[in-house]
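Reader: I have a chain to look at and don't know where to start. Could you walk me through it?

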Amino acid sequence: MGTVARLQLLQLQPHPKLPKPCFLSPSIKFPYLSSATRSCRFSVFPSLSSNADQIHETSSNAESSGSIVGDFLNYLNESWTQFHATAEAKRQLLAAGFHLLNESEEWELKPGGRYFFTRNMSSLVAFSIGEKYNAGNGFHIIAAHTDSPCLKLKPISASSKPGYLMLNVQTYGGGLWHTWFDRDLSVAGRVIVRTDDGSFVQRLVKIKRPLLRIPTLAIHLDRTVNQDGFKPNLETNLVPLLSTRCIEELSESKDKGPTKSLKAWHHPQLLEVLSRELDCSIDDIVTLELNVCDTQLSCLGGMNNEFIFSGRLDNLASSFCALRALLDSCSSPGDLSSEDAVRMVALFDNEEVGSDSIQGAGAPTIFQAMRRIVSCLAYDNVGEETVERAIRQSFLVSADMAHGVHPNFMDKHEENHRPQMQKGLVIKHNANQRYATSGVTAFLFKEVAKIHNLPTQEFVVKNDMGCGSTIGPILAAGVGIRTVDCGISQLSMHRYYRFDRFQKP
């Protein structure tokens, strides 16, 4: 029980202005997780959006600005891409008084301090240090990821077919790509822009109006689709339509330098839309890193508004819960007074494609952060084993969404391991180490849940089916830290629109 008591990060304290957090709160369960046309906007934080007036109330369940469900919807509607999810987390951390660190500079840390840093604008590590922390004490970590399966523009996206201008895209992750057809799509992501003084800055962009469409083929031209299934060729059929080709394309610019290449690589019409949104010249746009996104807003739905309809719930739901848990657990001056450990949240990019990147969980980000924190607080008295002792005293919760049993496909779940909505967090097991959960880490997690009167469920995949994985095994093996894999039940994972459900207090 001594180890269980050290998991202070999961013992959340109420924020003075916000309701109790949802990650392990005994009074708040989470909505199911699909999407519809309505949304709501409720946040105690200032809006990142430039036209927040487009987002309006849709549910009496989230009418007050203190609604945790409303805050979650706000987070989803801001976080169209991994870049925007990280920017929104950064904004909330700064508003809560966390100090932004630079990985390229020396860190000056102190017990009782709250800090964070970002990497590639798409991953983030935030932590608060207990006032009673001593070098060698443990870290209590929740890790999640900011990316979701999507379509991304190719480096040369301009394409044309008779009568149409198209955009070439790449598939990112293991998406259910047929769900992207006949959606109101647009683009969002990161752009590098040249400034007036000749320097370059990275800026985020989000085109909120419908800009793209991937039309399906009429059944009159594909008579057997309902019998044979819809099986689009991902290279030739999954190409978004940008506009009709009602006028001749602009002649190739004779300008020298990056502008010529950019106009040759991307349609001038797209660049014009981006330049207006960024309030800059087309000539100042140097390079693009854009996702194709659905413009439909996340919202409440269902007969009793018990559903959350949204894309990207895998894994923005876990990212939101982790972030909120950290913010709420150290919001008041005395929240860290009796803490002897470091509370940490890590949000990584590229989980959907294996995590092998500088901003992914496969990079030594957490280990490097732990080593630097220990070194800063040891005051030059770091022994050879200090970091190793800290790791052995630590515990990591790998939070990623779980497969709730589907009412129309119940045979896809092992009969004794069918996670249900409203039945608690799901602990994931796999004998072949696709999940990092062990008997010990599952026990510790369930003991903490019992302290807070929270139910848990168990999940294991059927022997005749393949098992997915997540960042848990990567971090467990890379850092050498005890890890449990868990998640919130949802339906339609990796479909663009998914749905989960919450239980009212």
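**Pocket, cavity and chain**

Author: Start with the lining of the largest pocket, which has 10 nonpolar, eight polar and four charged residues. Here nonpolar is Ala, Val, Leu, Ile, Met, Phe, Trp, Tyr, Cys and Pro, charged is Asp, Glu, Lys and Arg, and the others, Gly among them, are polar. This is a predicted model, where local features need pLDDT of at least 70 and side-chain atom pairs count only at pLDDT 80 or more, while totals for chains, interfaces and linings use all residues. Residues are numbered from 1 along each chain as its sequence is written, and side-chain values use heavy atoms, with hydrogens and water left out.

Reader: How much space lies in the largest pocket?

Author: About 550 Å³ (the space filled by probe spheres set on grid points joined across faces, edges and corners). Its lining consists of 22 residues, and those closest to the pocket's centre are His403, Gly404, Lys412, His413 and Met465. A pocket is an open set of points on a 1 Å grid over the protein atoms alone, with protein on both sides within 12 Å along at least five of seven lines; a cavity is a set where a 1.4 Å probe fits but cannot get out, and lining residues have an atom within 4 Å of a point.

Reader: OK, cavities then. Which residues lie nearest the centre of the second largest cavity?

Author: Trp80, Thr81, Ser148, Asn291 and Arg312, out of 15 lining residues. The volume of this second largest cavity is about 110 Å³. Its lining divides into seven nonpolar, six polar and two charged residues.

Reader: What is the mean pLDDT of the chain?

Author: The mean is 83, and 81% of the residues reach 70 or more (pLDDT is the predictor's confidence in each residue, from 0 to 100). Residues 1–61 have pLDDT below 50, yet this stretch has 223 contacts in the model beyond near neighbours in sequence (contact means heavy atoms within 4.5 Å). Residues 250–258 also stay under 50, with six contacts beyond four places in sequence.

Reader: And how should I read coordinates where pLDDT is low?

Author: Not in detail.

Reader: Change of topic. Which residues touch the most other members of the largest nonpolar core?

Author: Leu93 and Ile308, in a core of 44 residues. Helix α7, residues 313–329, gives the largest share of this core, 10 residues. A separate second core has 32 residues, including Val193, Val205, Leu270 and Val273. A nonpolar core is a set of buried Ala, Val, Leu, Ile, Met, Phe, Trp, Tyr and Cys residues joined through side-chain atoms within 4.5 Å. Helices (H or I, at least four residues) and strands (E, at least two) are DSSP runs, numbered from the N terminus.

Reader: What joins Asp314 and Asn315?

Author: A cis peptide bond, with omega about 20°. Asn315 is in helix α7.

Reader: Which residues of α6 are buried?

Author: Leu270, Leu271, Val273, Leu274, Ser275 and Leu278 (buried is under 20% relative accessible area, exposed over 50%, partly exposed in between, with a 1.4 Å probe and protein chains only). Just after α6, Asp279 takes a positive phi of about 55°. Asp279 sits in the loop between α6 (268–278) and β10 (285–294).

Reader: Is Asp279 buried or exposed?

Author: Exposed, because its relative accessibility is 71%. Asn120 is another non-glycine residue with a positive phi, about 65°. Asn120 lies in the loop between β2 (114–119) and β3 (123–129), and counts as partly exposed because its relative accessibility is 27%.

Reader: Where is Ser79?

Author: In the loop between α2 (68–78) and α3 (82–95). Ser79 is buried, since its relative accessible area is 1%. Leaving aside neighbours within four places in sequence, Ser79 contacts His84, Ala85, Glu88, Arg312 and Leu316. The C-alpha atoms of Ser79 and Thr146 are 8.8 Å apart, although 67 residues separate them along the chain.

Reader: What does Thr86 touch?

Author: Not counting residues up to four places away in sequence, Thr86 touches Thr118, Met121, Ser122, Ser123, Leu124 and Thr146. Thr86 belongs to helix α3 and counts as buried, at 4% relative accessibility.

Reader: Last one: where is Glu103?

Author: In the loop between β1 (99–100) and β2. Glu103 is partly exposed at 28% relative accessibility. Beyond four places in sequence, Glu103 is in contact with Phe117, Thr118, Arg119 and Arg372.
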